[in-house]
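Work through the exercises below with the sequence and the structure open. Each task is followed by a solution in steps.

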Amino acid sequence: MGKHSKLLSIWEHYLTKEIGIEFKACLYFFCILFFYSVYRVIGGSLEANIIHMAEMICLTYIMGYVQVYLLSNFDEGEQLKGKNFFYTILCSVIYTGISYICKWFDRNLWVYIGFALYIVVVYICAFLVYKYKRRLDEKHLNADLKAFQERRKQNE
Amino acid sequence: MKYTIRQITEGEDEMILQYREMTPEIEHILKLLNKTQTKLTGWVGKNLTVLELNRILYIESVDGKTFAYTKEEVFRLDYLLSSLEQILSGINFFRCSKSMIVNIDKVESLKSLPSNRIDATMCNGEHIIISRTYASAFRKRLKGGVYLG
């Protein structure tokens, strides 16, 4: 492998990770914002604090890096058993802890408990979505494989 | 490119292709040769044996040595993996990782793995992982796109 293609490969590898982190940051930001909005509406307010929103996006972005670089590339899309289940709980605790420090839910303990459970559910949903996506992909892959082998047989 | 054609009266027919760099012209010639090539030679112990390409499940490079695996036997090949990739890419073989070339015809089923990797189950039940780097080219190949390695 030449120096240029090696550099290109490192760049592509970095870019793939970065895109993954940003995609997850957007996904979790949207989910947290939804919970936050519901909380605000139930509390009788139709306004969202822009500082809270900035904190949310920063937190979700940082958590993406934490998952990749500190939690041995923890990907909720892979599986949620064993070590990954522990990381799911850990990440939910971190999200809840930061939300408590930043006073997103006015230090209302029950809301924080609900928020922690909500984050766990979000992780489980992400896992199920990725699992279903892989199953569909598998179906297409095997159909393409059979078609390839059929074409080969016909050409022989 | 200069070429010499010489008729011989003794010995085996042989074609030697010398090149400094892989150019589209050389690639084209290799592809033409590939269409007719159906055999490789490989070592089983101390015996040099002719190996039909359609018997090979996959070819692997281990510690700088190249091995071809069939259902029953393992052959040591006197080829570099990169050369084999050039020779075989025009037919049903595919470079699936840094150290492996797989025979697509011998793949029983495919499983999509996280991080865009693919698990190929071979007809003998062995599992081969198509790495992320090669997975998109593999998908393209299955769909009928051209992949020159």
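**Exercise 1. Find how H1(A) and H4(A) pack: at what angle do the axes cross, and which residues make the contact?**

Step 1. The axes of H1(A) and H4(A) cross at roughly 145° and come within 11 Å. Axes here are lines fitted to C-alpha atoms, for helices over the stretch in contact, with angles from 0 to 180 degrees between N-to-C directions. Helices (H or I, at least four residues) and strands (E, at least two) are DSSP runs, numbered from the N terminus. The model is predicted: local features need pLDDT of at least 70, side-chain atom pairs count only at pLDDT 80 or more, and totals for chains, interfaces and linings use all residues. Residues are numbered from 1 along each chain as its sequence is written, while chains are lettered from A and ligands numbered from 1 in the order in which they are written.

Step 2. The crossing of H1(A) and H4(A) is right-handed. A crossing is right-handed if the near helix is turned clockwise from the far one by less than a right angle, and left-handed if anticlockwise.

Step 3. H1(A) supplies A:Leu27, A:Tyr28, A:Cys31, A:Phe35 and A:Tyr39, and H4(A) supplies A:Val111, A:Phe115, A:Tyr118, A:Val122 and A:Ala126. Two residues are in contact if their C-beta atoms, placed from the backbone, lie within 7 Å.

Step 4. Sorted by class, this contact has 10 nonpolar residues, no polar and no charged ones. Ala, Val, Leu, Ile, Met, Phe, Trp, Tyr, Cys and Pro count as nonpolar, Asp, Glu, Lys and Arg as charged, and the others, Gly among them, as polar.

**Exercise 2. Describe H1(A): what is its span, and which of its residues are buried?**

Step 1. H1(A) covers residues 3–42, 40 residues in total, and reaches 58 Å from its first C-alpha to its last, close to the expected 58 Å. The expected span is 1.5 Å times one less than the number of residues.

Step 2. A:Ile21, A:Lys24, A:Ala25, A:Tyr28 and A:Ile32 are buried. Buried means 20 or more other C-beta atoms within 10 Å of the residue's own, exposed means 12 or fewer, and partly exposed lies in between; C-beta atoms are placed from the backbone.

Step 3. These buried residues pack against H2 and H4 of chain A. Just after the helix, A:Gly44 has a positive phi of about 90°.

**Exercise 3. Do the same for H3(A): which residues are buried, and what covers them?**

Step 1. H3(A), residues 83–101, has 19 residues and reaches 27 Å, close to the 27 Å expected.

Step 2. Buried in H3(A) are A:Tyr87, A:Thr88, A:Cys91, A:Tyr95, A:Thr96 and A:Ser99. Their cover includes H2 (50–70) and H4 of chain A.

Step 3. After H3(A) comes A:Lys103, with a positive phi near 55°.

**Exercise 4. In what order do the strands of the sheet with E8(B) lie, and which helices pack on it?**

Step 1. The 3 strands form an open antiparallel sheet in the order E8-E9-E10 of chain B. Two strands pair if DSSP finds at least two bridges between them. The edge strands, each paired on one side only, are E8 (107–113) and E10 (127–130). The twist averages 25° from one strand to the next.

Step 2. E8(B) is joined to E9(B), residues 117–122, by 6 bridges. One of the bridge partners is B:Met122 in E9(B), for B:Val107.

Step 3. H4(A), residues 109–155, lies across E8 and E9 of chain B, at about 155° to E8(B). H3(B), residues 132–142, packs on the sheet and touches E9 and E10 of chain B; its direction makes about 70° with that of E9(B).

**Exercise 5. How many residues of each chain are in contact with the other?**

Step 1. The contact takes in 12 residues of chain B and 13 residues of chain A.

Step 2. On the chain B side, E8(B) gives the largest share, 5 residues. By class this side has 6 nonpolar, 3 polar and 3 charged residues.

**Exercise 6. Is B:Glu73 buried or exposed?**

Step 1. B:Glu73 lies in the loop between E4 (65–69) and E5 (74–77) of chain B.

Step 2. B:Glu73 counts as exposed because it has 12 C-beta neighbours inside 10 Å.
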